[in-house]
Amino acid sequence: MTFPGSLDDRDALRAIRLAGAEPVLLWHGEKWLSDVQAVVLPGGFSYGDYLRCGAIARFSPAMESIVDGARNGMPVLGICNGFQVLCEAHLLPGALIRNDHRKFVCRDQRLRIERTDTAWTNGYQPGQEILIPLKNGEGGYVADQHTLDELEGEGRVVARYLGDNPNGSYRDIAGISNAAGNVVGLMPHPEHAVEDLTGPSVDGLAFFTSILNSLVEQA
Amino acid sequence: MARVVVDVVMKPEILDPQGQAILNALGRLGIAGVSSVRQGKHFELEVDETVDHEALEHIADTLLANPVIEDFTVRRG
């Protein structure tokens, strides 16, 4: 999905292709999703981050279809700005706010994959540690205590930061899923870690091979 | 037409890093006695008589503010 201001849509396309799937570029102004079987909402600054990150993108024609699709089980992965869009669209609980230290952070980040039965993480081992890039200014995940306890209790924390918390996210949360596991939001960038030449690892590729596996299994 | 003002501010329990940066700058400005700053957003809407209070609440609650992290007030100016 490309919104005006998306940055990582091309890298997401490339990651999907490297995983063995056929990527289709979607445009925010088109309601029609071209029969795609899963959607990646990429990182960037959709609509210039006006109002709040992801707040305007939520009302784009394509998002109407994606919200409907996601509620009917279509797999959706939101990365960085895409995670912010999913929270604004209430497909995921909580919100992402400015980093507690007020600086943009850009570094390779270690994560622990905590939930491996989602459409996007079934290719990982439970507890597997991975290294992928992180780059955000507003990546602090916040939610009220009740929501956080619910996420933990239902095993919906998909990934957690290891080492120093890079942005003040509550409980070191880097990614979460909805109750059904088809919608996942993640602040770090697996699509930038799919080839030795350009990434710190190839640890991100399994997000994209996972979705392919789960779609093939369904077919 | 009437003017409506919507003010949005982060909930007290949510950290406001920008407010903190402003507070720190106040210290460097040489002003003491300010113990807290919360930064928010101020919206001015020109609306006609068809937009009732309920509609304004809806606008503030679904678009202007994110109620997960922000509180808002709506008042007719």
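What share of the 77 residues in chain B is buried? The answer is 12%. Keep that number in mind while we walk through both chains. One caution before we start: this is a predicted model.

How confident is the prediction? The model has an ipTM of 0.83 and a pTM of 0.93. For chain B, the mean pLDDT is 93. In that chain, 100% of the residues reach 70 or more.

Let's stay with chain B. It has two helices and three strands. Starting at the N terminus, the order is β-α-β-α-β. Now its dimensions. Along the principal axes, the C-alpha trace spans about 50 × 25 × 15 Å. A compact globule of 77 residues would have a radius of gyration near 11 Å, but chain B comes out at 16 Å. What about contacts along the sequence? Take the contacts in chain B with a separation of 6 or more: 68% of them join residues 24 or more positions apart.

Now chain A. It holds five helices and nine strands. Read the pattern along the sequence with me: α-β-α-β-α-β-β-β-β-α-β-β-β-α. Its C-alpha atoms fill a box of roughly 40 × 35 × 35 Å along the principal axes. What radius of gyration does chain A have? It has 15 Å, and a compact globule with 219 residues would be near 17 Å, which agrees. Of the 219 residues in chain A, 53% are buried. And of its contacts with a separation of 6 or more, 75% are between residues 24 or more positions apart.

Next, the inside of the model. The largest nonpolar core has 65 residues. Which of them touch the most other members? They are A:Val40, A:Leu41, A:Phe83, A:Leu86 and A:Leu186. Helix H5 of chain A gives the largest share of this core, five residues. Another core lies apart from it, with five residues. Among them are B:Val8, B:Ala60, B:Leu64 and B:Ala65.

Let's zoom in on A:Leu86. Setting aside neighbours within four places in sequence, A:Leu86 is in contact with A:Leu41, A:Gly78, A:Leu91, A:Leu92, A:Val183 and A:Gly185.

On to helix H1 of chain A, residues 9–18. Which residues of this helix are buried? They are A:Asp9, A:Asp11, A:Ala12, A:Ala15 and A:Ile16. Look down the axis of H1(A): the buried residues fall within an arc of 160°, so they line one face of the helix. Here is some background. An α-helix has 3.6 residues a turn, so residues three or four places apart point the same way. What covers the buried residues of H1(A)? The cover includes strand E1 (39–41) and helix H5 (205–218) of chain A. After H1(A) comes A:Gly20, with a positive phi, near 105°.

Two loop residues deserve a stop. Take A:His192. It sits in the loop between strand E9 (183–186) and H5 of chain A. Is A:His192 buried or exposed? It is buried, because 24 other C-beta atoms lie within 10 Å, and the cut-off for buried is 20 or more. Beyond its neighbours within four places in sequence, A:His192 is in contact with A:Asp11, A:Ile132, A:Pro133, A:Gly199 and A:Gly204. Note A:Asp11 there: that is one of the buried residues of H1(A). A:His192 and A:Leu205 are 13 residues apart along the chain, and their C-alpha atoms are separated by 8.8 Å.

The other is A:Phe45. Find it in the loop between E1 and helix H2 (61–71) of chain A. Why does A:Phe45 count as buried? Because it has 20 C-beta neighbours inside 10 Å. Leaving out neighbours within four places in sequence, A:Phe45 is in contact with A:Gly5, A:Leu7 and A:Asn81. Its C-alpha atom is separated by 13 Å from that of A:Gly78, and the two residues are 33 apart along the chain.

Last topic: where the chains meet. How many residues does each chain bring to the contact? Chain B brings nine and chain A brings 13. On the side of chain B that touches chain A, helix H1 (residues 17–28) of chain B gives the most, with three residues. That side divides into seven nonpolar residues, two polar and no charged.

So, back to the opening number: 12% of the residues in chain B are buried. For chain A, the value is 53%. That's it from me.

Conventions:
Residues numbered from 1 in each chain as written. Chains lettered and ligands numbered in written order. Predicted model: local features only at pLDDT ≥ 70, side-chain atom pairs only at ≥ 80, totals over all residues. Helix = DSSP H or I, 4+ residues; strand = E, 2+ residues; numbered from the N terminus. Arc of directions from axis to C-beta. Contact = placed C-beta atoms within 7 Å. Rg over C-alpha atoms; globule rule 2.2 N^0.38 Å. Nonpolar A, V, L, I, M, F, W, Y, C, P; charged D, E, K, R; others polar. Core = buried A, V, L, I, M, F, W, Y, C linked by C-beta atoms within 7 Å. pLDDT = per-residue confidence, 0-100.
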